[in-house]
Amino acid sequence: MKQTLQTSIWSRPDIRLVLPARALSYAGDSIAMIALMLRVSDGHGPAAVTALLLAFAVPTVAMIPFAGRIVDGFDSRTVLVWSGLLQVVAGVGLAFVHDLVNTLALVCVLQIGQAVAGPAWGALIPRIVGEELVGRATGTSQALIGVAMLAGSAAGGVLVGWVGSRGALLVDAGTFLALVVVAQLVRTRRRPEPGAARERGGVSAGLRAVFGDDILRILVPALWLFVVAGEAVNVVEVFLITGELGLGPGLYGVAGAATGAGAIFGAWYSGRLNGDHARAVGVVVGMAAIGGSAVLMGLAGNLVTLLIGATTIGVGSGMLNAAANALVVTRSAEAVRGRVIAALNGTVRSFSILAMLLGGLAGALLGPRGTFVTCGAACVAAAVVLGALVTRSKDESKDSELEALSH
């Protein structure tokens, strides 16, 4: 029992503050997304909804050159407190404006804070738990976030109906304030090493670190391409479920809940993977599961088949995200970790935007079923290629070790 406690992430007092607080914040984000989608869609067309989604995505991309340098260049407590306060201000502002222009502007401010806070927390957690427990901490964090987002999505509509969008958005602002308090309470700090040579560049330093690593130089570009195919189906999912299958909004929500539940399990399981090779395999398996399940959903003729596909997509997504994040963190030098995470987040967001555009085009040309089947097959092909490259990289690494020993 003593040994179990010593190797548990929960034996670290700071992590007992950070992980629940971050999960609570994601629950608030889900509530806010429901409130904002309802506000923007009421009296505005699909273009306004697209503009809202872009307002959530574009600032993360725009902040790529700056976010990582801020995270690596200043004390983590300072970064987390000020980025959190910026989000509090934006969240309160969103509660008291109603027009589209100000809503979009404040969402952009909110996401600027998130573009800095996300990498800051991501780089601080390894300091809290130690490098050997990063994988478990990442998997546990993703699972808790999954639970929180499910709860937030379920509560969002209820809150809007009960206290209106203003009350719901103030709840989200309150979760950011809780994160600010936690940032002040956490004892572990991440500071630039005094006198250490600082690597120049923001996104360039992050990408140099990625392409300088044997596994990440294969994994990250594969993720970029995978996002384009894997996220394109999000645009047509509602049309597949409510149109092609003839299911109502309630069952569309059930399918979303099934995906969320699967993601919780996938993230939890990923936290049990030990070693870089096991995590790389986890990424490959996650990609293959998402692709195969997308094909299954595209061919589905009933609710049961649809739910099997949606749940398995969630499992693959949770496993892929947690394993990839753990690999990126553990295989990056501590001094540039913030820039690596920021570069990864920003570039992935860029390809997500491209996926939205291509998903709409594919939906128009191929229809919902054709889009799911085609994109799913592309994801499976990407998983096969990545698996072969990961295996080859491992074999080359073994050959190098044997050659070194022979000398």
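A disulfide is a pair of cysteine sulfur atoms within 2.5 Å. The model is predicted, so that local features need pLDDT of at least 70 and side-chain atom pairs count only at pLDDT 80 or more, while totals for chains, interfaces and linings use all residues. Residues are numbered from 1 along each chain as its sequence is written, and side-chain values use heavy atoms, with hydrogens and water left out.

**Exercise 1.** Determine how many disulfides the rule gives, and examine cysteine 379.

*Solution.* Applying the cut-off yields zero disulfides. For cysteine 379, the closest cysteine sulfur belongs to cysteine 375 and lies 6.8 Å away, which is too far for a bond. Cysteine 379 is buried, because its relative accessibility is 3% (buried means under 20% relative accessible area, exposed over 50%, partly exposed in between, with a 1.4 Å probe and protein chains only). Cysteine 108, by contrast, counts as partly exposed because its value is 28%.

**Exercise 2.** Describe the surroundings of aspartate 172.

*Solution.* Begin with its place in helix α7, which spans residues 134–185 (a helix is a DSSP run of H or I, at least four residues, numbered from the N terminus). Next, aspartate 172 is buried yet has no salt bridge, the nearest side chain of opposite charge being arginine 39, 11 Å away (a salt bridge is a side-chain nitrogen of Lys or Arg within 4 Å of a carboxyl oxygen of Asp or Glu; Lys and Arg count as positive, Asp and Glu as negative, and His and the chain ends are not counted). Finally, leaving aside neighbours within four places in sequence, aspartate 172 is in contact (heavy atoms within 4.5 Å) with Ser25, Gly28, Asp29 and Ala32.

Methods. Helices (H or I, at least four residues) and strands (E, at least two) are DSSP runs, numbered from the N terminus.
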